[in-house]
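Subject: Structure for you to look at

Hello,

Here is the structure I said I would pass on. Please open it and keep it beside you while you read the notes below.

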Amino acid sequence: MKRAAVLILISALLLGVLPVTGFAAEMDGKSAVLMELSTGTVIQETNSHEKLAPASVTKVMTMLLIMEAIDAGKIHWDDQVTASEAAAAKGGSQIYLKVGEVMTVSDMLKSIAVSSANDCACAMAEHLAGSESAFVERMNQRAQELGMQDTHFVNCTGLDDGPDAANHRTSAYDIAIMSRELLKNHPDIKKFTTIWMDTVRDGAFGLSNTNRLIRFYKGATGLKTGFTRGAGFCLSASAQREGMELIAVVMGAESSKGRFAACKSMLDYGFANYALAAPELPENQRVPVVLGREKSVNVGLGETGGLLIDKAQRDSITRDLRLEESVTAPVSQGQRLGTLTISAGDQVLAEIPLVSQQAVEKLTWGQIFTSILGRAAMAKQNMDA
């Protein structure tokens with residue numbers, strides 16, 4: 001397996017220009033991708049945009065919409081959800097909801113995240129949107145908003161027993177995109193995706209996580225398994241070590257063991273070869289302000305993501321700081337004042353904007369005149385002395 005070149009993503013500066021490499025031929029699965037969470041950098045991929053059936057990995061989007069509704073205050077953890085006839089009739093993985101059974105949003109989501117409960121996914125879809133079909137419309141709309149161009153959902157579960165199952169497709173890359181959105185912006189989901197075993201119904205029904213990496217892989221944070229005969233074995237696996245979180249996705253593996261081995265191999269590779277660093281600026285950087293109410297302005301880094309670096313080049317990284325000699329007031333907060341260039345040898349890794357950390361107002365004509373008079377008086381005193 002080739003080592004990828006240094007991969008950097010600083011906010012939107014370097015989007016779309018990152019090199020990638022394929023995986024070893026013996027790796028199980030039709031497609032796969034390895035992505036760093038904070039930057040969205042694709043470290044490695046193979047057939048990552050191939051449109052395939054995702055099985056229950058579909059529920060990453062279902063969980064995302066649930067978490068967005070919770071975090072927006074539209075629903076609450078202790079809200080009561082009633083199981084409909086359609087929800088209770090769902091096959092596959094389930095907790096065997098009965099028609100009319102009531103369960104909290106929290107227990108519904110826990111059942112989806114831990115045991116991949118199709119009945120709970122349908123019940124939550126109906127609770128949020130009125131019907132599963134209306135919820136699926138939201139799923140597809142959200143997919144478009146996230147730039148998931150390989151994706152079209154026809155249900156909220158990933159079951160392929162419907163007449164339109166052939167149209168239910170996504171890609172390893174798109175799964176990584178929605179997995180990143182869920183983990184990065186709704187971290188409370190990890191309270192559920194990291195559970196190995198738990199119960200619902202006041203302890204009467206046991207849940208066991210379908211993702212065995214949660215127990216056996218150091219730093220595992222989730223996320224979702226999937227299997228149907230048509231889709232094969234799928235997995236979106238996430239893990240965090242030393243401040244860096246990775247997402248490994250495999251689709252169409254031939255066995256459950258194969259999907260876990262593939263994602264473990266990807267995660268191992270990422271953690272062994274890459275590190276996430278925060279761009280640093282030397283302390284007390286200031287730029288003089290001409291005709292301003294303040295004589296100088298503090299300099300800070302513009303909005304940036306993390307810096308993903310190849311560990312092999314970590315010791316060769318250098319910084320070049322270039323600032324304006326001065327700036328004329330008025331100065332706005334966030335106004336660009338220079339550039340921090342980060343390089344490894346002759347290769348430029350990133351050019352980060354340096355900006356004003358506060359606004360500085362321009363002196364009025366009266367203040368300018370008073371200042372001139374003061375300087376003149378001081379100069380005369382120095383001459384008389």
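Start with Pro-330, which lies in the loop between β15 (327–328) and β16 (336–344). The peptide bond that leads from Ala-329 into Pro-330 is cis, with omega near 5°. Please keep in mind that this is a predicted model.

A second cis peptide bond is found between Gly-222 and Leu-223, where omega is about 20°. Leu-223 belongs to strand β7, which covers residues 220–228. These places are listed because most peptide bonds are trans, and most residues other than glycine have a negative phi.

The second half of that statement brings up some further residues. Ala-55 is not a glycine, yet its phi is positive, near 50°. You will find Ala-55 in the loop between β2 (42–46) and α1. Its relative accessibility is 1%, so Ala-55 counts as buried. Glu-242 also has a positive phi, near 50°, and sits in the loop between β8 (232–241) and β9 (244–253). Is Glu-242 buried or exposed? Glu-242 has a relative accessible area of 78%, and because the cut-off for exposed is over 50%, Glu-242 is exposed. Ser-116, just after α3, takes a positive phi of about 55°.

Now the overall picture. The protein has ten helices and 17 strands. Of its 385 residues, 51% are buried. If you take the contacts between residues at least 6 apart in sequence, 65% of them join residues at least 24 apart.

Helix α3 (residues 105–115) is a good place to look at burial. Nine of its eleven residues are buried, so the helix is largely enclosed by the rest of the structure. Among the buried ones are Val-105, Met-108, Leu-109 and Ile-112. Lys-110, Ser-111 and Ser-115 of α3 are buried as well.

Next, two helices that pack against each other. Helix α1 (residues 59–71) meets helix α5 (residues 132–145) at an angle of about 95°, and their axes are 10 Å apart. That angle makes α1 roughly perpendicular to α5. On the α1 side the contact is made by Met-61, Thr-62, Leu-64, Leu-65 and Glu-68. On the α5 side the residues are Phe-135, Arg-138, Met-139, Arg-142 and Ala-143. Sorted by class, the contact of α1 with α5 has six nonpolar residues, one polar residue and three charged residues.

How many aromatic pairs does a search of the whole structure find? The search finds five. One of them is formed by Trp-77 and Phe-192; this pair is tilted, with 5.6 Å centre to centre and 40° between the planes. Trp-77 is in the loop between α1 and β3 (80–82) and Phe-192 is in helix α7 (residues 190–193), so the pair links distant parts of the chain, 115 residues apart. Trp-77 is partly exposed at 29% relative accessibility, whereas Phe-192 is buried at 7%. The pair of Trp-196 and Phe-216 is edge-to-face, with 6.2 Å centre to centre and 80° between the planes. Trp-196 lies in the loop between α7 and β5 (197–200) and Phe-216 lies in helix α8 (residues 213–216), so this pair ties together parts that are 20 residues apart in sequence. Trp-196 is partly exposed, with a relative accessible area of 24%.

Another ring to look at is that of Phe-205. Arg-201 lies over the face of Phe-205, at 5.3 Å from the ring centre.

Phe-205 also turns up around Gln-94, a residue in the loop between α2 (85–88) and β4 (102–104). Leaving aside neighbours within four places in sequence, Gln-94 is in contact with Ala-88, Ala-117, Asn-118, Asp-119 and Phe-205. Gln-94 and Asp-119 are 25 residues apart in sequence, while their C-alpha atoms are 5.6 Å apart in space. Gln-94 has a relative accessible area of 18%, and is buried.

Last, look at Ile-317, in strand β14 (residues 317–323). The C-alpha atoms of Ile-317 and Ala-344 are separated by 4.4 Å, with their places 27 residues apart along the chain. Not counting residues up to four places away in sequence, Ile-317 touches Ile-309, Ile-342, Ser-343, Ala-344 and Leu-349. At 26% relative accessibility, Ile-317 counts as partly exposed.

Regards

Conventions: Residues are numbered from 1 along each chain as its sequence is written. This is a predicted model: local features need pLDDT of at least 70, side-chain atom pairs count only at pLDDT 80 or more; totals for chains, interfaces and linings use all residues. Side-chain values use heavy atoms; hydrogens and water are left out. Axes are lines fitted to C-alpha atoms, for helices over the stretch in contact, and angles run from 0 to 180 degrees between N-to-C directions. Helices (H or I, at least four residues) and strands (E, at least two) are DSSP runs, numbered from the N terminus. Angles under 35 degrees count as roughly parallel, over 145 as roughly antiparallel, 65 to 115 as roughly perpendicular and the rest as oblique. Contact means heavy atoms within 4.5 Å. Ala, Val, Leu, Ile, Met, Phe, Trp, Tyr, Cys and Pro count as nonpolar, Asp, Glu, Lys and Arg as charged, and the others, Gly among them, as polar. Rings of Phe, Tyr and Trp (its six-membered ring) pair if their centres lie within 6.5 Å; planes under 30 degrees apart count as stacked, over 60 as edge-to-face and the rest as tilted. Buried means under 20% relative accessible area, exposed over 50%, partly exposed in between (1.4 Å probe, protein chains only). A charge sits over a ring if NZ of Lys or CZ of Arg is within 6 Å of the ring centre and within 35 degrees of the ring normal.
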